[in-house]
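This report looks at one sheet, the helix that lies across it, and a single serine. Please keep the sequence and the model in view while reading.

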Amino acid sequence: MTKFDSYFGRFISKTTSKRRLMAFYIVFVIIPILLVDGLVVSGAFRAEKAAREHTMENQANAITYTFENQIDQAAKLGNALYSSLYVDRFLNTEFKTNLEYYNAYHDFFDDTLLKLVEGQSGLNFCIYIDNDTVTNGAEFQRLDQAVGTDWYTYVEESDLNKGLYFGRRKTADSQIQKTIYYFQRLNYYNRVSRNILLVIIDYGKISDSISNLNFENRAYVCDNSRVILSNSKYSNINKDYGLKLDLKDISYSQEFQSYNQILTVDVLAGNNSFLNAFKSRWYQFLLLIIVNMVLPIYVSSILNTVYQNKLKEQESFVARKNAELLALHSQINPHFLFNALESIRMHSLLKQETETSKMVEHLAKLQRQYTEWNEDNVTIEKEIEFVNAYLELQKYRFGDRLSFDIDVETECLKLLIPKLTIVTFVENACIHGIESKITPGWIFVRISTDGEFMTLEIEDTGNGMGEEEEKNLLRRMRFANIEMLKEKGRVGIVNACLRLKMMSEDEAVFDLDSEPGTGTLVQIMVPVKYLKGLL
């Protein structure tokens, strides 16, 4: 390798590392900050929206309560007169003279205290009587005085017993003003009676009460088509009712029913939601700005430190690789070894030394598996070929003392497993199980799956092991780690178990059962999802 190659490799390495750090910075710093910013800002707006909706709901409830409280006073007066037998008798009495009516009129108010109620409540009322002996005046009018008015036409057409009507009337100074009427048929004791109580509710008083609620938002009490009441320009008593169609940008609407009228309270939130959110949560936005300024700088400095350390590490790695390449130049090329083994095998075949040829072939397979380590994971099918070659080679050594059986379910053949895993356990069974046993022994390799777990079993009928040795080996299998590889004794087993644990994210399950003079069974269970995920 020339110096140019080395420098070029370092340049490529630096460029790649810088790009990776930049990608890391964007993915794990910039994008999360933007996402958090979006969440905080949207959360602030949602909170502000919820607060505004809560305020508008409270305003609508307050307006509804204020309106109904005024109407209820009129309804209480109507209910009192409606069920009064004394009132009914007075209204249906036929008076012979005006003087008789005049005296009865004064007695009526003295007995009922209606004048006092009228003065305290601020309500004006008039009773329209279907009685020709009554003299028109003040609180009592003959029914023919009501015929033709808008409110009476509404009462007759609606056929309601009581209810509200929103109309207009001429005052004493000849002005036309908006008026809220409450009407009540006085037919409790006579169902066909045409007598009607009309209560004139002070429109200005209700309008002022709604305006004095001191809510910032404009609000309107509307029927199906008109604006009845408002805390804004529509509250002018001398102007006609505004049209509901003219209302724009209604933010909240709440429906309620007052006697026969279905009404809505419509609220317009005209304030700038962004300014409101900023004013009410300025400290959150300030903290967000500080984090957006400080965090990227802080993380950038950390990444720069990591980048510099990475460069030093890569330079050290490149130097080490250069040394390794120089060392490899002095070693025998593995292909030369395989070619030499192939020449020996072919020579044995020509000499008809079939057994020697087979041994060399198995040895070549083993050596190639050890030498060509391009990736750590292989299919179980490939690993079993290696296991079979190893056991066949061992049979030349042990002869009839060794028999083996390999049983693998078809579903398991394409699953991936760390390279040289199974053969490590098989080798352990040969050396520690069969080698020291005089009588013939068996080695069984079984691989199966239930769909969730792949189960690997390596069983031998060798010498087995004692209880203490069994416990110690099982502990090393289950808790295999890098440090154990530095210790003596069966590090191959520890290596295989550690790689299985790493591959399965520590979900591999190891079990061991051994009995002196009988044999040993190793059982390993690995979740299939990790074996499929490697494909």
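Does Ser230 count as buried or exposed? In this predicted model, Ser230 has a relative accessibility of 0%, and because buried means under 20% it counts as buried. Ser230 has its place in strand S7, and its side chain takes part in the polar contacts listed here.

| Group on Ser230 | Partner | Distance |
|---|---|---|
| Ser230 side chain | Ala219 backbone oxygen | 3.2 Å |
| Ser230 side chain | Ser232 side chain | 2.8 Å |

When neighbours within four places in sequence are left aside, the residues in contact with Ser230 are Ser207, Ser211, Ala219, Tyr220 and Ser235.

The strand that holds Ser230, S7, belongs to an open sheet of five strands in the order S8-S7-S6-S10-S9, with antiparallel pairing. Strand S8 (242-243) and strand S9 (252-258) stand at the edges with a single partner strand each, so one side of each lacks a neighbour in the sheet. Between S9 and strand S10 (residues 261-268) the antiparallel pairing extends over seven bridges, and Gln254 has Val265 of S10 as its bridge partner.

Helix H6 (residues 203-211) lies across strand S6 (218-222) and strand S7 (226-230), and runs at about 70° to S7. The buried residues of H6 are Tyr203, Gly204, Ile206, Ser207 and Ile210; seen down the helix axis, they fall within an arc of 165°, so they line one face of H6. At the N-terminal end of H6, Asp202 acts as the cap, with a side-chain oxygen 3.1 Å from the backbone nitrogen of Gly204.

Technical notes
Residues numbered from 1 in each chain as written. Predicted model: local features only at pLDDT ≥ 70, side-chain atom pairs only at ≥ 80, totals over all residues. Heavy atoms only, no water. Pairing = 2+ DSSP bridges. Helix = DSSP H or I, 4+ residues; strand = E, 2+ residues; numbered from the N terminus. Contact = heavy atoms within 4.5 Å. Axes fitted to C-alpha atoms, helices over the stretch in contact; angles between N-to-C directions. Buried < 20%, exposed > 50% of the residue type's maximum accessible area, 1.4 Å probe, protein only. Arc of directions from axis to C-beta. Polar contact = N/O pair within 3.5 Å; in protein donor to acceptor, adjacent residues only side chain to side chain.
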